[in-house]
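Here are a few questions and answers for a first look at the aromatic rings and the interior of this protein.

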Amino acid sequence: MPEQSEADIVLVEDNPNDAEITIRSLKKHHLANKLVWLKDGVEALDYLLARNEYADRNINDLPRVIFLDLKLPKVDGTEVLAEIRKNEVTKKIPVVVLTSSKEEQDVMKTYDLGVNSYIVKPVEFENFAKAIAEVGFYWLITNTTPSS
């Protein structure tokens, strides 16, 4: 795991199998050199907002993208997204929701909160791995974000 201050990707995922597929796919395509995996909404907010166990992290060292699951323990993904968007420092970080939820209300709510992309996780391993690689390539290589 990279030092706390140098993540390009923040993966917020409580399911170890989905996290492993995501990380493996990104590594296979050389996109996961600087990845931080956080397992619940509280840990994600603590990391991103540089508080509690991550208080020593420089909040201005922003990841290039956040991959966010919606169904998280402690604090759910929509609440994490809302907090990210409320904070002046973190509000412009691209957030990609990666979730198993196809519920229209989840799609609408996350877009209302300012999500950049909403992706339903494919069930099949190969399709999931391929989707992750494509998403990673787009957000890390192709996309341009504002400089801080």
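Q: How many aromatic pairs does a search of the whole structure find?
A: The model is a predicted one. One aromatic pair is formed by Tyr 47 and Tyr 54, with 5.2 Å centre to centre and 80° between the planes. Another is formed by Tyr 138 and Trp 139, with 4.9 Å centre to centre and 90° between the planes. The search of the whole structure thus gives a count of two.

Q: Is Tyr 138 buried, partly exposed or exposed?
A: Its partner in an edge-to-face pair is Trp 139, and Trp 139 is buried, with a relative accessible area of 10%. Tyr 138 has a relative accessible area of 38%, and because buried means under 20% and exposed means over 50%, Tyr 138 is partly exposed.

Q: Which residue has its charged end over the ring of Tyr 47?
A: Tyr 47 is buried, with a relative accessible area of 1%, and its ring also forms an edge-to-face pair with Tyr 54. The charged end that sits over the ring of Tyr 47, 4.2 Å from its centre, belongs to Arg 57.

Q: Which helix supplies at least two residues of the lining of the largest cavity?
A: The largest cavity has a volume of about 40 Å³, and its lining includes Leu 11, Asp 18, Thr 22 and Phe 67. Strand S1 (9-12) and strand S3 (65-68) each supply at least two of the lining residues, and so does the helix asked for, H1 (16-28).

Q: How many residues of the lining of the largest cavity are charged?
A: Among the lining residues are Glu 13, Asp 69 and Lys 121, and Asp, Glu and Lys count as charged. Beside six nonpolar residues and one polar residue, the number of charged residues in the lining is four.

Key. Residues numbered from 1 in each chain as written. Predicted model: local features only at pLDDT ≥ 70, side-chain atom pairs only at ≥ 80, totals over all residues. Heavy atoms only, no water. Phe/Tyr/Trp six-rings, centres within 6.5 Å; stacked < 30°, edge-to-face > 60°. Buried < 20%, exposed > 50% of the residue type's maximum accessible area, 1.4 Å probe, protein only. Lys NZ or Arg CZ within 6 Å of the ring centre and 35° of its normal. 1 Å grid on protein atoms, 1.4 Å probe; cavity = no way out; pocket = protein on both sides within 12 Å on 5 of 7 lines; lining within 4 Å. Points joined across faces, edges and corners; volume = space filled by probe spheres on them. Helix = DSSP H or I, 4+ residues; strand = E, 2+ residues; numbered from the N terminus.
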